[in-house]
Amino acid sequence: MAFRLPNGSTFDFAATYAPEVTVTLITNAKPAKATSACHTLKAGDIVVVNSGWVKITGRAFRVGVVAADTFELEGLDTTSTTRFPVGTSAGTAKKVLTWVN
């Protein structure tokens, strides 16, 4: 089910997910970079993040630059250590496989 706004934008809802991957750290950076050993994410994937940082828990992000054990969370600015305390970012990420629209 999608929700359409008066300006033509829509909200689509995730229907299925890949198994979650463990995130051991998210950097205080712009964009934030997540560390996850042996992840299989690719640039452009959409992931839902759960973290010790409640401000990002349950939010969806597009994956940016990917390396062997890291991936960027596009559009996420975690440079404020007041809002995003160092050392409390561990959690999980799961890739959205299909959408309901």
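## Strand pairing, salt bridges and a buried threonine

Me: Which residue in E9 is the bridge partner of valine 66?
Reply: This is a predicted model, in which local features need pLDDT of at least 70, side-chain atom pairs count only at pLDDT 80 or more, and totals for chains, interfaces and linings use all residues. Residues are numbered from 1 along each chain as its sequence is written, and side-chain values use heavy atoms, with hydrogens and water left out. With strands taken as DSSP runs of E, at least two residues long and numbered from the N terminus, valine 66 is bridged in E9 to phenylalanine 71.

Me: How many residues stand between E8 and E9 in their hairpin?
Reply: Two strands pair if DSSP finds at least two bridges between them, and E8 and E9 pair in the antiparallel sense over 2 bridges. The two strands form a hairpin, and the number of residues between them is 3.

Me: Which residue in E8 stands opposite valine 47?
Reply: Strand E8, residues 59-66, is also joined to strand E7, residues 46-51, by 4 bridges, and the two run antiparallel. Opposite valine 47, the residue in E8 is phenylalanine 61.

Me: How many residues apart in sequence are the parts that arginine 62 and glutamate 74 tie together?
Reply: Counting as partly exposed whatever falls between buried (under 20% relative accessible area) and exposed (over 50%), with a 1.4 Å probe and protein chains only, arginine 62 is partly exposed at 45%, and glutamate 74 is partly exposed at 37%. These residues form a salt bridge, with their closest N and O atoms 2.8 Å apart. Because arginine 62 lies in strand E8 and glutamate 74 in the loop between E9 and E10, the pair ties together parts whose separation in sequence is 12 residues.

Me: How many salt bridges does the count come to?
Reply: A salt bridge requires a side-chain nitrogen of Lys or Arg within 4 Å of a carboxyl oxygen of Asp or Glu, and the side chains of aspartate 45 and lysine 95 meet in one, at 3.6 Å from N to O. That pair links distant parts of the chain, 50 residues apart, with aspartate 45 in the loop between strand E6 (32-35) and E7, and lysine 95 in strand E10. Aspartate 45 is buried at 11% relative accessible area, whereas lysine 95 is partly exposed at 25%. The count of salt bridges comes to 2.

Me: Which residue offers the backbone oxygen that the side chain of threonine 78 reaches?
Reply: Threonine 78 lies in the loop between strand E9 (70-73) and strand E10 (91-100), and because its relative accessibility is 0%, it counts as buried. Leaving aside neighbours within four places in sequence, its contacts (heavy atoms within 4.5 Å) are Thr27, Asn28, Ala29, Ala32, Trp53 and Phe84. At 2.6 Å, the side chain of threonine 78 reaches the backbone oxygen of threonine 27.

Me: What is the radius of gyration of the chain?
Reply: The secondary structure comes to 10 strands and 0 helices, helices being DSSP runs of H or I with at least four residues. The radius is taken over C-alpha atoms, and the globule rule is 2.2 Å times the number of residues to the power 0.38. Along its principal axes the C-alpha trace spans about 40 × 30 × 20 Å, and buried residues make up 28% of the 101 residues. The chain is as compact as a globular protein of that length, because the rule gives 13 Å for 101 residues and the radius of gyration is close to that, at 14 Å.

Technical notes:
A polar contact is a pair of N or O atoms within 3.5 Å; within protein, one must be able to donate a hydrogen and the other to accept it, and residues adjacent in sequence count only if both atoms are side-chain atoms.
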